[in-house]
Number of protein chains: 2
Amino acid sequence: MSEFELHQTLAADTVEVTRFELCHVLLSKDSRYPWLILVPARADMRDMHDLDPADQAVLMTEIDRASRALLGLHAPDKINVAALGNMVPQLHIHVVARFHSDDAWPGPIWGAHPPRPYAAEALEKTLASVRKALS
Amino acid sequence: MSEFELHQTLAADTVEVTRFELCHVLLSKDSRYPWLILVPARADMRDMHDLDPADQAVLMTEIDRASRALLGLHAPDKINVAALGNMVPQLHIHVVARFHSDDAWPGPIWGAHPPRPYAAEALEKTLASVRKALS
């Protein structure tokens, strides 16, 4: 089995927030949505069913933790949780705070609009608030 | 707390496949994709984090079970797992077999194309094969 290494597309499109027991917690660079991405630090995983049952159980608790952080920070109308991976084959789970007023509502966010980068200061502020909410 | 009742839109857009311990297992009437929908039989749930931890753990095992049934039946290129619920507020989890050749690849399936109904005979055959794969 090879070593886990974050897929280069995920690395390019996100900023690392923190490490959970299982997952790398990443913030999407698209400022349109409060958008975390969890990447289980296991090599050669493509789908959730590739994880063993113990890791699946931990993943569910980490999804819950990421969801609650976004809830506490943003009081969104919905949380979307999705493991799609049609573009990037490495297993990753989107946890996205959605609002009736957001750019893609009620459709899915993926591919709906080009990413809108954070200003540098806003990114630092967002990272700090997410890290605090997750700690 | 009110009694669980399947949301009318989910009832209209799917056919019941079976019951798991936690979830109703539904087949989408859209024949474009092998597409199961899991609905935890708990009242007043909107998001995965609304489930208590024990139910979340069971849900993960049921997602795994539904995924493996689709894998065994269709040998897809990917399984997409998603709790979106922007259209239908009742918590439901999509488990979809995806192919490089499918109508929406590599985009998300939701809203990509109008549903293409199964012919009556194909629906019965699909239901039978999914029930067998899940049993």
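**A two-chain predicted model: symmetry and chain A**

A rotation of 180° with 0.0 Å of shift along its axis superposes chain A on chain B, with an RMSD of 0.0 Å, the fit being by least squares on the C-alpha atoms of residues with pLDDT of at least 70 in both. That is the relation of a two-fold axis. This is a predicted model, in which local features need pLDDT of at least 70 and side-chain atom pairs count only at pLDDT 80 or more, while totals for chains, interfaces and linings use all residues. Residues are numbered from 1 along each chain as its sequence is written, chains are lettered from A in the order in which they are written, and side-chain values use heavy atoms, leaving out hydrogens and water.

**Symmetry**
- A:Ala82 is the residue of chain A that comes closest to the rotation axis, its C-alpha lying at 2.0 Å.
- The same surface serves both copies, since 100% of the contact residues of chain A (contact: heavy atoms within 4.5 Å) recur in chain B.

**Fold of chain A**
- Chain A holds three helices and five strands, where helices (H or I, at least four residues) and strands (E, at least two) are DSSP runs.
- Along the sequence these follow the pattern α-β-β-β-α-β-β-α.
- Among contacts between residues at least 6 apart in sequence, 57% join residues at least 24 apart.

**Dimensions and burial**
- The C-alpha atoms of chain A fill a box of roughly 45 × 30 × 25 Å along the principal axes.
- Of its 135 residues, 54% count as buried, that is, under 20% relative accessible area with a 1.4 Å probe, protein chains only.

Note on methods. Buried means under 20% relative accessible area, exposed over 50%, partly exposed in between (1.4 Å probe, protein chains only).
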